[in-house]
Amino acid sequence: MGLELYSKIEAYLDFEDEVYSLHKEFMTFVMVNELDNIIDIGCGQGYFLENLKINGKKAFGIDLSSEQVKVCLQRGVDAQCMPLNEVKEKYDCATAIFDVINYIPKKPLKEFFKDTYNVLNEGGYFMFDVNSLFGFSEVADGSLTINKEDIFIAIDAVYDNEELNTNITLFEKQESGLYERQEDCITQYYHDKNSLKKLLKDAGFHVEKIKEFNLHGYDQADKYIFICKK
Ligand SMILES: C[S@@+](CC[C@H](N)C(=O)[O-])C[C@H]1O[C@@H](n2cnc3c(N)ncnc32)[C@H](O)[C@@H]1O
């Protein structure tokens with residue numbers, strides 16, 4: 001579903017400042033609430049896990065992309081490529097940061113929230129972000145090309161009917177000097193606040209707070225951050 005190709009292009013997307021501001025929001029919550037044992041679901045290349053480690057927290061990450069997990073291990077953080085329902089340990093906090101929930105279609109999301117509930121200790125927190133409708137239709141929708149010496153990337157994202165379909169094309173220079181073309185599509189799903197609240201409640205969570213978050217500097221919130229308690 002395009003996750004491995006996303007892993008190859010992530011470093012070129014120039015989202016460092018945005019990711020930093022989002023991670024800071026999550027880290028502040030972890031520190032203020034003195035949460036010590038954290039599972040980062042959809043940990044990507046392990047930036048948040050690394051920050052948790054620096055702050056003396058016990059942290060484990062999972063991701064469905066083996067390429068992302070390889071980068072985590074090179075970074076020296078603890079991560080595995082595995083589905084959430086195979087995690088056996090229990091944690092004080094689960095995080096799912098930077099669009100992870102948007103990757104999950106409506107039906108499997110119900111199971112995903114139940115699985116998250118099951119990996120938490122009693123009183124544990126689940127914190128995640130999702131794109132608002134504005135975030136999908138006005139911010140994410142659009143095209144982008146990145147042209148570097150050995151790499152060319154074309155991204156075309158179209159939001160329609162509650163789905164954002166992002167086509168990624170990558171041309172990568174090989175040792176022979178020829179360019180190899182790779183192509184894939186990632187689908188992200190819009191979940192409105194009320195349907196999320198219902199799914200979370202059905203899974204057993206109490207939704208403590210839903211915070212508007214402005215990731216890309218527009219005058220409307222492009223994300224919501226949910227804080228839920230078991
Ligand atoms: C945009 S990246 C964000 C990575 C990281 N959380 C961060 O803040 O930098 C989204 C990640 O979610 C992962 N992902 C998508 N669906 C997932 C799922 N159901 N379970 C675990 N990881 C998932 C993708 O492979 C990708 O690494």
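**A tour of one helix and three strands**

Select Gly56. This residue comes after helix α3, and its phi is positive, near 80°. Keep in mind that the model is predicted.

**Stop one: helix α3**

Step back and select residues 47-54, which make up α3. Which residues of α3 are buried? They are Phe48, Leu49 and Leu52. Now look down the axis of α3. The buried residues fall within an arc of 100°, so they line one face of the helix. The spacing has a simple background. An α-helix has 3.6 residues a turn, so residues three or four places apart point the same way.

Turn to the face directed away from the buried side. Select Lys53 and Ile54 there: both are exposed.

What covers the buried residues of α3? Show the helices α2 (16-32) and α4 (66-75), which are part of the cover. Then add the strands β1 (37-41), β2 (58-62), β3 (79-80) and β4 (91-96), which also belong to it.

**Stop two: β7 and β8**

Move on to residues 151-160, strand β7, and residues 163-173, strand β8. The two run antiparallel, joined by ten bridges. Pick Ile155 and find its bridge partner in β8, Ile168. Next, go to the hairpin of these strands, where two residues lie between them. Select Asn161: its phi is positive, near 50°.

**Stop three: β8 and β9**

Stay on β8 and add strand β9, residues 179-189. How many bridges join β8 to β9? Eleven, and these strands run antiparallel. Select Leu170; its bridge partner in β9 is Gln182. β8 and β9 form a hairpin too, with five residues between the strands. End in that turn at Gly177, which has a positive phi of about 95°.

Methods:
Residues are numbered from 1 along each chain as its sequence is written. This is a predicted model: local features need pLDDT of at least 70, side-chain atom pairs count only at pLDDT 80 or more; totals for chains, interfaces and linings use all residues. Side-chain values use heavy atoms; hydrogens and water are left out. Buried means under 20% relative accessible area, exposed over 50%, partly exposed in between (1.4 Å probe, protein chains only). Helices (H or I, at least four residues) and strands (E, at least two) are DSSP runs, numbered from the N terminus. The arc is that of the directions from the helix axis to the C-beta atoms. Contact means heavy atoms within 4.5 Å. Two strands pair if DSSP finds at least two bridges between them.
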